[in-house]
Amino acid sequence: MVVKRTPSSHSHGGIKIVRGAILALTSTVFLGYIIVWIMSGTNTYRTWFAKLRANYTNSTYFGNQGATILVFTLPILFMAVVGCVYLHLGKELIRGIYMERKGRKNQIALLKRRPMVIKGLGVVSGIELSMFIMFIALVVWSFSTHLHLYFSLVTKRAIEKGEKIWEVKLDRVGLVLGIVGNLCLAFLFFPVTRSSSVLPLFGLTSEGSIKYHIWLGHITMVLFTAHGVVYIVYWIITKRYSEMVDWASTQIANVPGELSLLFGLFLWVTTHPRIRKNMFELFFYTHYLYILFIVFYIFHLGIAFTYTILPGFYLFAIDRYLRFLQSRQSIRLVSARVLPYETLELNFSKSRDLSYTPTSMIFINVPSVSKLQWHPFTISSNSNLEPNNLSVIIKNEGSWTKKLYQMLSSPSPLDHLKVCVEGPHGPASTHFLRHDMLVMVSGGSGIAPFISIIRELIFTATTLKSKTPRVLLICAFKYSSDLTMLDLLVPNSGTPSLISNLELEIEAYVTRENEPPLEKPEILQTIWFKPNSMDAPLSPTLGPNGWLWLGAIISSSFIIYLLFMGILTRYYIFPIDHNTSKIFSHTLQAMLNMLLVCISIVVAASIGFLVNKRRKSMEAEQIQNVENATPEVSPDTWLGNDRELESLPHQSFTKVNYGGRPELKRILLECKEPSVGVLVCGPKKMRHEVAAACSSSLAENLHFESLSFNWWEVKLDRVGLVLGVVGNLCLAFLFFPVTRSSSVLPLFGLTSDGSIKYHIWLGHITMVLFTAHGLMVDWASTRIANVPGELSLLFGLFLWVTTHPRIRTNMSELFFYTHYLYILFIVFYIFHLGIAVAYTILPGFYLFAIDRYLRLLQSQQSVRLVSARVLPYETLELNFSKSRGPHGPASTHFLRHDMLVMVSGGSGIAPFISIIRELIFTATTLKSKMPRVLLICAFKYSSDLTMLDLLVPNSGTPSRISNLELEIEAYITRENEPPLEKPKILQTIRFKPNSMDAPLSPTLGSNGWLWLGAIISSSFIIYLLFMGILTRYYIFPIDHNTSKIFSHTLQAMLNMSLVCISIVVAASVGFLVNKRRKSMEAEQIQNVENATPGVSPDTWFGDDRELESLPHRSFTKVNYGGRPELKRILLECKEPSVGVLVCGPKKMRHEVAAACSSSLAENLHFESLSFNW
């Protein structure tokens, strides 16, 4: 075994100073880069960038893109090159780090790294969560600043393009969505650059950062999809259909953008967890569509703007090409061991120059299984303890691994297997020795990275003679035969005594067996492969100084590109375009530049690879000569080629527990060492449980790190759950505003008619959340049932779509009838969740159901219609017989004000007629002082003025209205002068009484509120009694309160039936008791009507009369050909307290509200009246 010399402490000090300076420099550059993105949506940035382009970078060699290259591309590439130097120097410190016992981390650093289990994000540290929040803040900030910038220019653009303001705003919203999506795309490729020199500067690795790629990918595609949809809607609305098939030569090209979005959507859809799990090949191959996505994206925008996203993709392209070159070489596979339950260990030959840290990983391709598929596996060997070998453990968990296992475990095993390898990839350094104790928790094959760590600790203890922390390995397996994995703790070339140098304790849990097996353990099979001249040992792609070579490739390739691009621009593009960007085709320019990027990367990377390949070839020949001269040593010589389970060397310090899972929280909290490092690699539930224990306030000494190497694990299932929970919260309040006879809303000073807007808002929010909550396919019996949820969502979506203003206006019947789908929506929603969770939304819906049933009972009785008056322009007045009134506010407070200003449009005058009649009653009967009244009414035609005739009730006289200080300002908007023709005659229709009709009366009589309270309480008591009997004598004997046996769907159905029965019984009793009293009152009214002839509503004018005879002419001022100047009129009201009421079109309501909110209108008190249910 070869031990490398470690640098002296003096050398370490110098290297640390240089690395610290590099970190400070790159941090400054990155801070400036982020500030540029922050400022990019401001006028300050635009002015600065235009000046930079005009004065310094707008040359004949680089054209308009020079400034973008300087600001967005060069800083990141500079960081990457300097980062390579930083990482190369770090290699010199790695051994020193192992030789030192680091001091305790400061409390702030530990707090930042303390794990948190965030639903939707999984296990994250404080740093990760804060970085995620800051990035979301950057996205929101970028969206808002760009939107503010573009909206400030909307009017000017609308005039230039001849479009409406809202159309231009829609166009700008689409543009800003694309710009913000471009921001996310600029960072998308950094996490998947496996040999990245940028991520380690921030303490990250590519395998640990894949979750950031997933988050960024989803955000990017959401924004780009919204960008595309908005523009398609914009083109349809403005009837610019030709824009959809436009491939502009010198502007934004739409067709490439659409193609890019289609490729991106297809790629995005296949990332769904079910597709990824069940059709991995489809997921894997469609991910190569990123090439077409990027190519057409560049064609869409042009090369100049694309430099903003170039750095990340440029570094990814270099890394991808180098991995491609490495993967062309087949690797020498020395042996394979077939373990029980379809587990394999592959042992590769490697060069001594190849070093890697514990927990690193490689990507493996076996052409005989699949020529295109590459799969990641954690390295179980250790480069220090095994300088000539590299091992991985493979568990059969998919079609690819199943084929590989079948090939190697067949009765006639192979004598040679061609394997290609990419990697290894892993952290630049590890710091396990910083802790006093290490607790490693694994599930199944998740033990692989811990085997590598334990071997590293063996090397540190035996070779470096350094003190190592105490180690507790907690591993869970399904079957006892999986315990053979513990045999891999000691390397092939080692002896059992090596592991005795560690203070190691192993607690193994066999979950699917209750006791040790009686049968003889399976024999382990070892397969040896013959050497092949075409194979080579695994070696670093760019040699031992790979980071320096990578820095040289990045810098030289970009310099080559700049040279080629400068020549192309100066001698081909500039003579045609002269830096105007209006003549030379943007698509052709983008194509030429992409070609130059590819050529530059291929040239630089190929030279670096070939120079190092020659040296690797010489080393491979030496290894081949040694293998031919010396017989191969079996990895099992110290135990024999085939051995049994009892011979495992770990038996002396391993405790095996059968039939249970480890109590992780208890075990972890019992660790009392000052600093305990906790590592976990296994199922998501296990990782979350360990992270939760480490984040406990009782675990100050526990420092958590998750090891998860599933590169494509999407953690969106929790996001979907959270969206559903929040949607349920909104649904819980949805039905309160539409309960017309509500006893809850008046407690907060609200009415059902005035609260309908809250119902609309809540409805939109609820449906957005439930739509985002998503769909899954499975009808479960005793858990969440997804099919009912999908049906509920479908009914909700159909209901939601018909609430669109155009549908509601033009197809009101469709809108009205589809709203009854709320019944099916709620029924299947309860089937989806089960009745237990549905109780969270029950109160609002329960009160609504009682109110709806009482209204159903009331609506079955036909009401006595006394007369109808036909007014001009298709307006009617209907007069009913009544005993008491219907829906409305519990009380009004108009008399509090010194003056009332009522603003109406068209038939919106109706509530003000009622108010004025109330004031007439108060003034004439109660003799109370009335506020001054100003009625401002706008009509389309002068014949509509007949509505003012309704100010005095049917049974009244014109003199009554003179008791009010009333002034009316009427505006006729569509006539410029009074009409010359004779006014239309008003027609009055009187209806004969009918014994089947009844006067309109309160549903529950004069004490309706008390009756309603009795119905609510009694119905729920009845329900609780029925539900208690049902649960006790039917459900409980089957389920025993486990919620795992009795069908949730059946339970929900029974409970909904009981709710309906309880409401029907209680409400029907209350209604029928009051109906008898109402019948007697109806008979009395009928007798009066038969004895006394009906009085015409127009007796004080005659049955038919003309417009000139209206009683309001003395105090009415009529204005023709204009609209009221509402703001001026309102601000001229100087009374101390002026109540302002408005009922009319939305624009009128907004204008009045704006005037009342003015700082000059301290005396104005606004209230909007809108009765459009």
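Here a colleague asks a modeller how certain words are earned in this predicted model.

Colleague: Let's start with the whole chain. How many helices and strands are there, and how much of the chain counts as buried?

Modeller: The chain has 33 helices and 25 strands. Of its 1173 residues, 50% count as buried. About 56800 Å² is exposed, and carbon and sulfur atoms supply 62% of that area. Among contacts between residues at least 6 apart in sequence, 80% join residues at least 24 apart.

Colleague: Now a single residue. Why is S197 called buried?

Modeller: Buried means under 20% relative accessible area. S197 has a value of 3%, so it is buried. You can find S197 in the loop between helix 7 (165–188) and helix 8 (210–237).

Colleague: Which residues does S197 touch, leaving out those up to four places away in sequence?

Modeller: S197 touches A80, G83, C84, L87, W547 and I554.

Colleague: What makes the meeting of A80 and S197 a polar contact?

Modeller: The cut-off for the pair of N or O atoms is 3.5 Å. The backbone oxygen of A80 lies 2.7 Å from a polar atom of the S197 side chain, and that distance is within the cut-off.

Colleague: F202 lies in the loop between helix 7 and helix 8 too. Why is F202 called partly exposed?

Modeller: Partly exposed is the range between the buried limit of 20% and the exposed limit of 50%. F202 has 39% relative accessibility, so it falls in that range. Leaving aside neighbours within four places in sequence, F202 is in contact with F30 and M79.

Colleague: How far apart are F202 and S27, in sequence and in space?

Modeller: F202 and S27 are 175 residues apart in sequence, and 9.1 Å apart in space from C-alpha to C-alpha.

Colleague: Let's turn to helix 23. How do you know what span to expect for helix 23?

Modeller: The expected span is 1.5 Å times one less than the number of residues. Helix 23 (residues 786–801) has 16 residues, and 22 Å is expected. From the first C-alpha to the last, helix 23 reaches 22 Å, close to that expectation.

Colleague: Which residues of helix 23 are buried, and what do they pack against?

Modeller: The buried residues are N786, P788, G789, E790, S792, L793, G796 and L799. They pack against helix 22 (756–773), helix 25 (812–818) and helix 26 (822–833).

Colleague: W800 is found in helix 23 as well. Is W800 buried or partly exposed, and why?

Modeller: W800 has 24% relative accessibility, and buried needs a value under 20%, so W800 counts as partly exposed. Apart from neighbours within four places in sequence, W800 is in contact with H764, M767, V768 and T771. W800 and F815 are 15 residues apart in sequence and 9.3 Å apart in space, C-alpha to C-alpha.

Colleague: On to the strands. What makes strand 19 and strand 20 a pair?

Modeller: Two strands pair if there are at least two bridges between them. Strand 19 (residues 899–905) and strand 20 have seven bridges, in the parallel sense, so they pair. V901 stands opposite L934 in strand 20. Between these strands the chain passes through helix 29 (residues 910–924), and this β-α-β crossover is right-handed.

Colleague: What joins strand 20 to strand 21?

Modeller: Seven bridges do, and strand 20 runs parallel to strand 21 (residues 966–972). The bridge partner of C937 in strand 21 is A970. Strand 20 (residues 932–939) is mostly covered, with seven of its eight residues buried.

Colleague: Last, some backbone angles. What is special about phi in K239 and T359?

Modeller: K239 has phi near 60 degrees, a positive value in a residue other than glycine. T359 is not a glycine either, and its phi is positive at about 75 degrees.

Colleague: Why is K239 called exposed and T359 called buried?

Modeller: Exposed means over 50%, and K239 has 65% relative accessibility, so it counts as exposed. T359 has a relative accessible area of 6%, under the 20% limit, so it is buried. K239 is in the loop between helix 8 and helix 9 (254–269), while T359 lies in the loop between strand 5 (343–349) and strand 6 (361–365).

How values were computed: Residues are numbered from 1 along each chain as its sequence is written. This is a predicted model: local features need pLDDT of at least 70, side-chain atom pairs count only at pLDDT 80 or more; totals for chains, interfaces and linings use all residues. Side-chain values use heavy atoms; hydrogens and water are left out. Helices (H or I, at least four residues) and strands (E, at least two) are DSSP runs, numbered from the N terminus. Buried means under 20% relative accessible area, exposed over 50%, partly exposed in between (1.4 Å probe, protein chains only). Contact means heavy atoms within 4.5 Å. A polar contact is a pair of N or O atoms within 3.5 Å; within protein, one must be able to donate a hydrogen and the other to accept it, and residues adjacent in sequence count only if both atoms are side-chain atoms. A crossover is right-handed if, with the strands pointing away from the viewer, the path from the first strand over the helix to the second runs clockwise. Accessible areas come from the Shrake-Rupley method with a 1.4 Å probe; for residues, only the protein chains shown count as cover.
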